[in-house]
Amino acid sequence: MQNNCIYLDNNATTKVDPEVIEVMLPYLTDYYGNPSSMHTFGGQVGKAVRTAREQLAAILGADESEIVYTSCGTEGDNAAIRAALLAQPEKRHIVTTQVEHPAVLNVCKQLETQGYTVTYLSVNNQGQLDLDELEASLTGNTALVTIMYANNETGTVFPIEQIGLRVKESGAIFHVDAVQAVGKIPLNMKTSTVDMLTLSGHKLHGPKGIGALYIRRGVRFRPFMIGGHQERGRRAGTENVPAIIALGKAAELELLHLEEATARERKLRDRLEQTLLAKIPDCVVNGDVTQRLPNTTNIGFKYIEGEAILLLLNKYGICASSGSACTSGSLEPSHVLRAMGLPYTTLHGSIRFSLCRYTTEAEIDQVIEVMPSIVERLRALSPFKNDDAGWLQGQEQALAHR
Ligand SMILES: *Cc1c(COP(=O)(O)O)cnc(C)c1O
């Protein structure tokens with residue numbers, strides 16, 4: 001097992017903060033009581049869960065009663081979408097975007113086979129939405145608008161409150177997948193137009209297997225998981241206590257570090273990006289560089305394959321990503337970059353570097369050191385360097401032989 005890599009794949013998952021592990025461990029060993037039990041042994045665990053819920057609510061500017069724990073971000077997205085539809089059975093239309101995470105997109109695709117109509121809003125070549133297109137898509141039949149806060153692949157941030165104002169006018173429920181935003185962008189549900197919001201523990205230095213759904217007080221919610229009375233009847237099943245305690249601490253630390261960590265990450269990210277662009281010919285940044293997460297850069301290197309870049313980076317112990325973790329393995333280019341209408345020459349050679357508060361200057365220097373020669377080596381092997389038409393033809397031939 002290897003664990004000393006240069007980890008620049010934090011949008012896929014993050015390292016659990018050692019302080020988080022420390023507070024979580026006693027709930028895996030000594031304090032194993034059930035928080036719903038009547039005895040003191042369980043009751044003290046219940047108390048710790050309440051504290052953790054307050055810590056998590058604080059990062060959202062929410063009330064503790066508005067938090068429902070889930071097993072992951074995917075569950076939060078699924079539960080929100082299903083609940084919004086169950087609460088308004090007469091409405092049969094959903095609005096989302098072409099660049100959502102599969103946890104939203106694939107639910108919407110399934111709903112299309114069950115009598116729902118879905119509008120998939122397009123994005124421009126910067127990955128941004130057209131708010132007029134959004135407004136035109138909303139009707140009295142629209143039950144739900146589900147739009148991500150920030151894109152996991154490009155880091156592009158959507159104008160969520162501007163979108164929310166339009167959604168509110170239409171009377172639809174507004175769900176936001178904020179898995180990539182929590183801990184990176186300050187949030188305050190008290191002054192927000194968002195009705196439901198999804199987050200995930202393992203994207204913010206908490207453990208895997210825990211997430212949460214924020215449900216605004218007063219928003220009708222029909223549970224997805226039925227059983228006991230946990231989570232005020234909104235999500236049955238004995239609480240994942242160690243992970244809930246961990247998520248509380250992780251949220252507390254994210255909030256504590258938010259300002260200084262994001263400023264630092266932005267500086268490192270910008271240096272990485274600007275140096276690579278200066279040193280390497282024929283590369284471009286994908287996505288909106290002004291409205292963007294501070295930790296993410298997605299760079300397209302023309303005429304080469306992202307997977308080949310990743311393999312060579314991996315030899316240097318550098319972890320990055322091409323497309324999303326969920327779709328890599330298939331050679332299909334990313335649905336996000338395709339929706340942006342990127343030319344084929346960059347579509348296949350795009351790499352995402354995503355930083356975190358543990359990323360060091362020395363690590364960024366290392367990437368800056370090796371990337372130019374990696375790209376040069378691969379381009380030397382590519383028969384179509386500097387030749388858009390030839391490269392494209394080569395890609396088509398390769399596809400035809402698959
Ligand atoms: C990772 C991610 C998810 C899924 O979260 P899991 O906890 O892995 O299920 C959903 N949406 C976005 C934007 C993500 O980045």
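Me: Which of the 13 residues around the ligand come nearest?
Reply: In this predicted model, a shell of 13 residues lies around the ligand. By class, the shell divides into three nonpolar, seven polar and three charged residues. Those that come nearest to the ligand are Thr74, Asp177, Gln180, Ser200 and Lys203.

Me: Which helix gives the largest share of the shell around the ligand, and how many residues come from it?
Reply: The helix in question spans residues 73–87, a range that takes in Thr74, which is among the residues nearest to the ligand. The largest share of the shell comes from this helix, α3, with three residues.

Me: What share of the ligand's accessible area does the protein cover?
Reply: Polar side-chain atoms approach the ligand at several points: one of aspartate 177 lies 2.6 Å from a nitrogen atom of the ligand, and one of serine 200 lies 2.6 Å from an oxygen atom of the ligand. For histidine 202, a polar side-chain atom lies 2.9 Å from an oxygen atom of the ligand. On its own the ligand has 380 Å² of accessible area, of which the protein covers 91%.

Me: Why does methionine 148 count as buried, and what is its relative accessibility?
Reply: Methionine 148 belongs to strand β5, which runs over residues 142–148. Not counting residues up to four places away in sequence, methionine 148 touches Val99, Glu100, His101, Phe158, Ile160, Val176 and Asp177. Buried means under 20% relative accessible area, so methionine 148 counts as buried, its relative accessibility being 1%.

Me: Which residue has a side chain joined to that of arginine 235 by a polar contact of 2.7 Å?
Reply: Arginine 235 sits in the loop between β8 (211–215) and α7 (241–279), and with a relative accessible area of 16% it is buried. Leaving aside neighbours within four places in sequence, its contacts are Val68, Tyr69, Thr70, Ser71, Glu75, Met225 and Gln230. The polar contact of 2.7 Å joins the side chain of arginine 235 to that of glutamate 75.

Me: To which residue's backbone nitrogen does a polar atom of the side chain of aspartate 195 lie 2.8 Å away?
Reply: Aspartate 195 is placed in the loop between β6 (173–177) and β7, and at 6% relative accessibility it counts as buried. Beyond four places in sequence, aspartate 195 touches Lys168, Ala172, Ile173, Phe174, Tyr214, Ile215, Arg216 and Val219. The backbone nitrogen that lies 2.8 Å from a polar atom of its side chain is that of phenylalanine 174.

Me: What is the phi of histidine 205, and what is that of tyrosine 303?
Reply: Most residues other than glycine have a negative phi. Histidine 205, in the loop between β7 (196–200) and β8, is buried with a relative accessible area of 4%, while tyrosine 303, in the loop between β10 (296–301) and α8 (306–315), counts as buried at 5% relative accessibility. Neither residue is a glycine, yet phi is positive in histidine 205, near 65°, and in tyrosine 303, about 70°.

Me: Where does pLDDT stay under 50?
Reply: The protein averages a pLDDT of 94, and 93% of the residues score at least 70. For the stretch that stays under 50, the model has six contacts beyond four places in sequence. That stretch covers residues 324–328.

Notes:
Residues numbered from 1 in each chain as written. Predicted model: local features only at pLDDT ≥ 70, side-chain atom pairs only at ≥ 80, totals over all residues. Heavy atoms only, no water. Helix = DSSP H or I, 4+ residues; strand = E, 2+ residues; numbered from the N terminus. Buried < 20%, exposed > 50% of the residue type's maximum accessible area, 1.4 Å probe, protein only. Polar contact = N/O pair within 3.5 Å; in protein donor to acceptor, adjacent residues only side chain to side chain. Contact = heavy atoms within 4.5 Å. Near = heavy atom within 4 Å. Areas by Shrake-Rupley, 256 points an atom, 1.4 Å probe, with all protein chains shown as cover. Nonpolar A, V, L, I, M, F, W, Y, C, P; charged D, E, K, R; others polar. pLDDT = per-residue confidence, 0-100.
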